[in-house]
Each structure stands twice: as C-alpha cells, then as structure tokens.
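Work through the exercises below with the structure in view. Try each task before you read its solution.

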Amino acid sequence: MKVEDRIIVPLDVPSKEDAIALVEQLPEVSFWKVGLELFVSTGSEIIHTLKHRQKRIFLDLKFHDIPNTVAGATRVAAAYGVDLITIHAVAGRNALKRAAEAAVEGALTAGCPPPKLIGITLLTSLNSRDLAFDLKIPIELPEFVLQMALLAQESGLNGAVCSPMEVSQLRQVCGDDFLLVCPGVRPQWSEKGDQRRAMTPLAALQAGADYLVIGRPITAADDPVAAWNRICEELAGTGV
C-alpha cells in the first residue's frame, strides 16, 4: 500500500457542497472520513457521493448505545459499503459482539464487502488527568486504552482507534492483523489544536499505525494541496 493511501482526511465540514469542494480540491486523497457534523447535515447522501467518486470511506459516527441499538445502526451503516465504522468500546462486550454480527448481516443484504469495525479506546482530546479526575477511572491511561483495545479484539472487532502514543504497545499485544487507526497526528510544522496526545506522521507509522487521520493541518491550511503534498513528501522514501 502506498503511504499516501494510509492517510485519512476528515471531511469536517457542515454541508455536502463544502465536502465536494474539498474532495475536488484534493483529488489525490483516496480515503476520506465522514464524521458526525457532515453526516447529520447530509445523511447517507454524502456516502453515495464519495462512492460514486471511487473513494474509500471511514464512517466515524462512534456508535455508543445499548446493544440492540448499536447492532441496528451498524447493520444499516454496513449496507452503505463503507470501509471502516467506529464503535465506542465502552459500549461493552455484548454491544460489540452484536455489532460484529450485524455488520456481516448488513453487508450481505446489500451485496457488498463487510466493513472493518474499529473500537474507540479513548478520545485523543482526553489526557491522563481527564481520565482520573473527570471520568473517575482509577487506572493509568495506557492500561485503559489497552484494555479497551483487547475488549474490542475479543469481541470480534477488526481494530481500534488510539492515539499514536499508545500504538506501539497495542501493536505488540494485539498483533499485526489488528488495525490501528490514529488520530492526533500532527506534522512538526502544524499546531496541535485540541489533540492532547499527538505525534508526527512518520513517528506514528514507525510506531505501528496502519492509518493516520490528519485533518486540520491539511484542511485548515492556507493551501491544503501544498500541505497534503508536504506530508506525503516527508513520508516518501522512509520505508514505512
């Protein structure tokens, strides 16, 4: 896989028109993330638009509900023919297992390959202090992330979302076949924003990440095309 195909760019925009404009501005991007803002605005229409343009799709809606609701939502989402779907691991073992079964059912009904289900371990906007003082979770952050990833793996999910800071440990414990998707990736020349556990693209890939989610350093740049090219050039020839 070419290194640029391992970069997922978020369509964190409020409308279909804004999304299409960004896709057309960055034609070399093959993998796009559709999150809550855009999906609430456009519904499945944006999925069909991206598939028509032969783009890969990371549907990042972070399902988190009772098992029956999570399974139902996953079944419908799988029928869209997207590549990745996120579910909060803290929804619990039953919800995760039901989602894994529902993804296969939904894809089979639609006649498309089943998506890869990715468990959210801990949002990259949170740090150790947030975990301890706000969420009252009395274990260290790396251990919590690892436990959530293992729960996802044991429940039949295909991978996990984690910050680059935890990816090395998860790769070692969960193995090479477990997909690791890393937001919180920031080139040295960009601002971290609200990402609390960040790492450069090269460091994240060297640590074991399969996919990098890189948003604002590209989409909020004065010249998104130049920013995209700069990141790809920095990774080219590195052997990752």
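Two strands pair if DSSP finds at least two bridges between them. Keep in mind that this is a predicted model.

**Exercise 1. Find the residue of β6 that is the bridge partner of G119, and state how β5 and β6 pair.**

Step 1. Locate strand β6, residues 159–161.
Step 2. Look for the partner of G119 in that strand: A160.
Step 3. Now take the two strands together. β5 and β6 pair in the parallel sense, over three bridges.

**Exercise 2. Describe how β4 and β5 are joined, and give the handedness of the unit they make with α5.**

Step 1. Find strand β4 at residues 84–88.
Step 2. Five bridges join β4 to β5, and the two run parallel.
Step 3. Pick out one pair: H88 stands opposite I120 of β5.
Step 4. Add helix α5, residues 93–110. Together, β4, α5 and β5 form a β-α-β unit, and this unit is right-handed.

**Exercise 3. Decide whether β5 is largely enclosed or not, and give the reason.**

Step 1. Strand β5 covers residues 116–120.
Step 2. Apply the cut-off: buried means under 20% relative accessible area.
Step 3. Four of the five residues of β5 are buried, so the rest of the structure largely encloses this strand.

**Exercise 4. Check the span of α7, then list its buried residues and what they pack against.**

Step 1. Helix α7 runs over residues 141–154, which is 14 residues.
Step 2. From first C-alpha to last, α7 reaches 20 Å. That is close to the 20 Å expected at 1.5 Å a residue.
Step 3. The buried residues of α7 are L141, F144, V145, L146, M148, A149, L150, L151 and A152.
Step 4. These buried residues pack against the helices α5, α6 (128–134) and α8 (164–174), and against the strands β5 and β6.
Step 5. Look past the end of the helix. G156 follows α7, and its phi is positive, near 100°.

**Exercise 5. Place K62 and D65 in the structure, and say how exposed each one is.**

Step 1. Start from the record. The unreviewed UniProt entry lists D60, K62 and D65 under "active site".
Step 2. K62 lies in strand β3, residues 56–63. With a relative accessible area of 26%, K62 is partly exposed.
Step 3. Leaving aside residues up to four places away in sequence, K62 touches T86, I87, H88, I120 and L123.
Step 4. The side chain of K62 also makes a polar contact with the side chain of D60, at 2.7 Å.
Step 5. D65 sits in the loop between β3 and α4 (67–78). Its relative accessible area is 41%, so D65 is partly exposed.
Step 6. With the same sequence neighbours left out, D65 touches V70, A91 and A95.

**Exercise 6. Work out where Q54 and K136 lie, and whether each is buried or exposed.**

Step 1. Q54 is not a glycine, yet its phi is positive, near 60°. K136 is not a glycine either, and has a positive phi of about 55°.
Step 2. Q54 is in the loop between α3 (45–52) and β3. K136 is in the loop between α6 and α7.
Step 3. Exposed means over 50% relative accessible area. Q54 has 73%, so Q54 is exposed. K136 has 59%, so K136 counts as exposed too.

Definitions and conventions: Residues numbered from 1 in each chain as written. Predicted model: local features only at pLDDT ≥ 70, side-chain atom pairs only at ≥ 80, totals over all residues. Heavy atoms only, no water. Buried < 20%, exposed > 50% of the residue type's maximum accessible area, 1.4 Å probe, protein only. Right-handed = clockwise from strand over helix to strand, strands pointing away. Expected span 1.5 Å × (residues − 1). Contact = heavy atoms within 4.5 Å. UniProt positions renumbered as here; feature names shortened; annotations may be inferred. Polar contact = N/O pair within 3.5 Å; in protein donor to acceptor, adjacent residues only side chain to side chain.
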